[in-house]
Amino acid sequence: MAAKNPLHLLTSSLCKRHCPSPYRLAATLFPESQRRCSSSNSRWKQRQGRDMFARDAKVQGLKSRAAFKLLEMDSKYRLFKPGQTVVDLGYAPGSWSQVAQERTRPNGRVIGIDLIPAQPPRGVATFQGDFLSPAVQKLVREFIARTGRQPAKKTEAEEIETLSYIDKERHASEEADGNGSASVDVVLSDMSAPWDQTSGYTSNTLTNPYHRLMNTSGVAFRDHAGSMDLCNAALQFASDTLRPGGHFVCKFYQGSEDKKLEERLRKLFGKVSREKPESSRSESRETYFIALKRKAGVLVEDV
Ligand SMILES: C[S@@+](CC[C@H](N)C(=O)[O-])C[C@H]1O[C@@H](n2cnc3c(N)ncnc32)[C@H](O)[C@@H]1O
């Protein structure tokens, strides 16, 4: 039922005629006074517009306004298809995973990883851990290998069925080490280095983990450098797990090093774009790399 499906509601109720942006909601959700498009650049209206994303997210049952960024990127670049495997790095509180889960139905699978504990969105497998830790990355790769799709060809499936337990373990471990076939279709990274927690210890942390940690320090260089480390870790993971033709989306904070990252991405992927979604706050330096169609046979170590 459409009414029970937040993302269906979201996409089906776009106010296209008045607002070319895919984010305005229709009359069913907001009164006319709140639906009008911004026609001037006044600060008040800009602020109202921005607040709409947070409000819309709440109304739609989305875990955060960040969902709109991924929805915009997906509508422009067609990132998702039914049945895909998506890894969502820095998933908490979970709105990107919600979008990915919805867009890869049926038979898709979404795996989220985050430093902080958060209630996993329905149907999403999650890990809590620091993705910069090689041990955590290995755990995730092993999980993907062990819970992978069933082989499409019957003969291959039969072949695996006849393997001994030890052979099956070896098979999974080879995949986890990156020696087996890459099986991930899309790697998303919205990670941003969290600041030390100073308050909110008594809040409802699982359902609203955002209140626990800020995601930027406010120091441009520090945010940039931290984001480059996270992007590089995400890219290494994508290089190890992404199938040829797969896509990679990565948040970064602009700075002196992002050009180098872009050059590496261009060697690994067929098409690379920079994107600042409309729903990303204009005062934030966050930007996204969208890298499409991973090239076969090129590894990050080679570029
Ligand atoms: C902006 S939030 C992600 C929002 C998410 N895309 C959504 O739609 O709900 C960034 C997340 O990255 C996580 N993060 C930052 N550094 C990380 C790391 N080293 N390992 C795992 N998660 C990390 C933070 O804990 C935070 O939850």
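**Chatting about Lys251 and the ligand shell**

Modeller: Let's start with Lys251, which counts as buried because 24 C-beta neighbours lie inside 10 Å. Keep in mind that this is a predicted model.

Colleague: What count makes a residue buried rather than exposed?

Modeller: The cut-off is 20 or more other C-beta atoms within 10 Å, and Lys251 has 24 of those neighbours, so it falls on the buried side.

Colleague: Okay, and which strand is Lys251 in?

Modeller: Lys251 sits in strand S5, which covers residues 242-253.

Colleague: Which feature does UniProt place at Lys251?

Modeller: The UniProt record, an unreviewed entry, puts the feature "active site" there, at Lys251.

Colleague: Leaving aside neighbours within four places in sequence, what is Lys251 in contact with?

Modeller: On that basis, Lys251 contacts Ser189, Asp190, Met191 and Ser192, plus Ser227, Glu286 and Tyr288.

Colleague: Switching to the ligand: which residues come nearest?

Modeller: There are 26 residues around the ligand, and the nearest are Ala66, Gly90, Ser95, Phe131 and Asp190. Asp190 is also among the contacts of Lys251.

Colleague: What's the mix by class in that shell?

Modeller: The shell around the ligand has 16 nonpolar residues, six polar ones and four charged ones. Helix H5 (95-103) and strand S2 (109-114) each supply at least two residues of that shell.

Colleague: Now the whole chain. How many helices and strands are there?

Modeller: The protein chain has ten helices and seven strands. Of its 303 residues, 35% count as buried.

Colleague: And how much of the contact with a separation of 6 or more comes from residues 24 or more positions apart?

Modeller: Those pairs account for 65% of such contacts in the protein chain.

Terms used: Residues numbered from 1 in each chain as written. Predicted model: local features only at pLDDT ≥ 70, side-chain atom pairs only at ≥ 80, totals over all residues. UniProt positions renumbered as here; feature names shortened; annotations may be inferred. Helix = DSSP H or I, 4+ residues; strand = E, 2+ residues; numbered from the N terminus. Buried ≥ 20, exposed ≤ 12 C-beta atoms within 10 Å, placed from the backbone. Contact = placed C-beta atoms within 7 Å. Near = placed C-beta within 6 Å. Nonpolar A, V, L, I, M, F, W, Y, C, P; charged D, E, K, R; others polar.
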